[in-house]
Amino acid sequence: MRTIKALCVDANPQGLDILSQTLLGFGVDRIHRATTAEEARALLGKEIIDLVLCDAQLGEESGNDLVRWLRASRMEPNCHAPIFTIMGHALEPEVINARDCGSNFIITKPVSPAILMQRILWVAAADRPFIECETYTGPDRRFKFEGLPADVPTGRRKSDGTGTLGLPSGANMTQEELDGMVKPQRLSL
């Protein structure tokens, strides 16, 4: 992980220290720190960044606004960097908003080094395509759902019910249309 250049963004100095020290413990020694979205934008404009850890609450501007800006900036290669949004309270609407602005993962506080490392390795190993279209720029939000496990006939989640899907609202996209929106993500360890 010594080849990774990371950006930690957190308005709270203690939170920034925790994120930075955790990455240092992983062997990442090229870490940029920012306490505001404005500082982060300036760093992203002059440095190539491989990984972004961004708190959801940055004061006047949210971390999601920063993520949305970076994804839409088309600032190569930084706009394709994996982004982890850090949240104190991961309420469903906030998680959905973070996902929809282009975050790769949402991690709740307190940040566990084991979970952070697991997520970094997951992004590095995953073949998750990058989508660029009019309404969204970021990692593909679709995950393959192969049904319930054979040994769990009723499921474990409320959404695992036996309801049927409705009719499609329109024609499916062609493979060529999908391929035109997909770019591979980069993070090599």
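I take contact to mean heavy atoms within 4.5 Å. With that settled, I looked up Arg99 in this predicted model, and, leaving aside its neighbours within four places in sequence, I found Arg99 in contact with Ile106, Tyr136 and Arg141.

**Entry 1: the chain as a whole**

Before following Arg99 further, I went through the overall layout. I counted six helices and eight strands in the chain, and, reading from the N terminus on, I wrote down their order as β-α-β-α-β-α-β-α-β-α-β-β-α-β. I noted that the chain has 189 residues, of which buried residues make up 39%. The exposed area of the chain came to about 11400 Å², with carbon and sulfur atoms supplying 54% of that area. I also looked at how far along the sequence the contacts reach: among those between residues at least 6 apart in sequence, 64% join residues at least 24 apart.

**Entry 2: Arg99 and Arg141**

I placed Arg99 in helix α4, and I placed Arg141 in the loop between β7 (137-139) and α6 (175-181). Although 42 residues separate Arg99 and Arg141 in sequence, their C-alpha atoms are 7.4 Å apart in space. Are these two arginines buried or exposed? I had to write down neither, because partly exposed covers the range between under 20% and over 50% relative accessible area; Arg99 has 35% relative accessibility and so counts as partly exposed, and Arg141, at 34%, counts as partly exposed too.

Which residues does Arg141 touch, not counting those up to four places away in sequence? I listed Arg99, Asp100, Arg128 and Tyr136. Tyr136 is therefore a residue I met twice, as it is also in the list for Arg99. I added one further distance for Arg141, to Asn104, which is 37 residues away in sequence and 8.6 Å away from C-alpha to C-alpha.

**Entry 3: α3 beside α4**

Since Arg99 had brought me to helix α4 (residues 92-101), I looked at how α3 packs against α4, and found an angle of about 20° with the axes 8 Å apart. Angles under 35 degrees count as roughly parallel, so α3 is roughly parallel to α4. The crossing in which α3 passes α4 is left-handed. On the α3 side I noted Asn64, Val67, Arg68 and Arg71, which meet Glu94, Asn97, Ala98 and Cys101 in α4. Sorted by character, the residues of this contact of α3 with α4 are three nonpolar, two polar and three charged.

**Entry 4: α2 beside α3**

I then turned to helix α2 (residues 37-46) and helix α3 (residues 63-73), whose axes come within 10 Å and cross at roughly 25°. The two helices, α2 and α3, are therefore roughly parallel to each other, and I recorded their crossing as right-handed. Which residues make this contact? From α2 I wrote down Ala37, Ala40, Arg41 and Leu44, and from α3 I wrote down Leu66, Trp69 and Leu70. In the contact of α2 with α3 I found six nonpolar residues, no polar ones and one charged.

**Entry 5: the loops on either side of α3**

In the loop between β3 (51-55) and α3 I looked up Gly59, which has 63% relative accessibility and so counts as exposed. Gly59 and Asp10 are 49 residues apart in sequence, while their C-alpha atoms are 9.3 Å apart in space.

In the loop between α3 and β4 I stopped at Arg74, a residue other than glycine whose phi has a positive value, near 60°. I checked the cover over Arg74 as well, and at 42% relative accessibility this residue counts as partly exposed. Pro77 is also found in the loop between α3 and β4 (83-87), and the peptide bond leading from Glu76 to Pro77 is cis, with omega near -5°.

**Entry 6: another cis bond**

Why did I mark these backbone values? I marked them because most residues other than glycine have a negative phi, and most peptide bonds are trans. With this in mind I also noted the bond from Lys109 to Pro110, which is cis with omega near -5°. Pro110 has its place in the loop between β5 (105-108) and α5 (113-125).

How values were computed:
Residues are numbered from 1 along each chain as its sequence is written. This is a predicted model: local features need pLDDT of at least 70, side-chain atom pairs count only at pLDDT 80 or more; totals for chains, interfaces and linings use all residues. Side-chain values use heavy atoms; hydrogens and water are left out. Helices (H or I, at least four residues) and strands (E, at least two) are DSSP runs, numbered from the N terminus. Buried means under 20% relative accessible area, exposed over 50%, partly exposed in between (1.4 Å probe, protein chains only). Accessible areas come from the Shrake-Rupley method with a 1.4 Å probe; for residues, only the protein chains shown count as cover. Axes are lines fitted to C-alpha atoms, for helices over the stretch in contact, and angles run from 0 to 180 degrees between N-to-C directions. Angles under 35 degrees count as roughly parallel, over 145 as roughly antiparallel, 65 to 115 as roughly perpendicular and the rest as oblique. A crossing is left-handed if the near helix is turned anticlockwise from the far one by less than a right angle, and right-handed if clockwise. Ala, Val, Leu, Ile, Met, Phe, Trp, Tyr, Cys and Pro count as nonpolar, Asp, Glu, Lys and Arg as charged, and the others, Gly among them, as polar.
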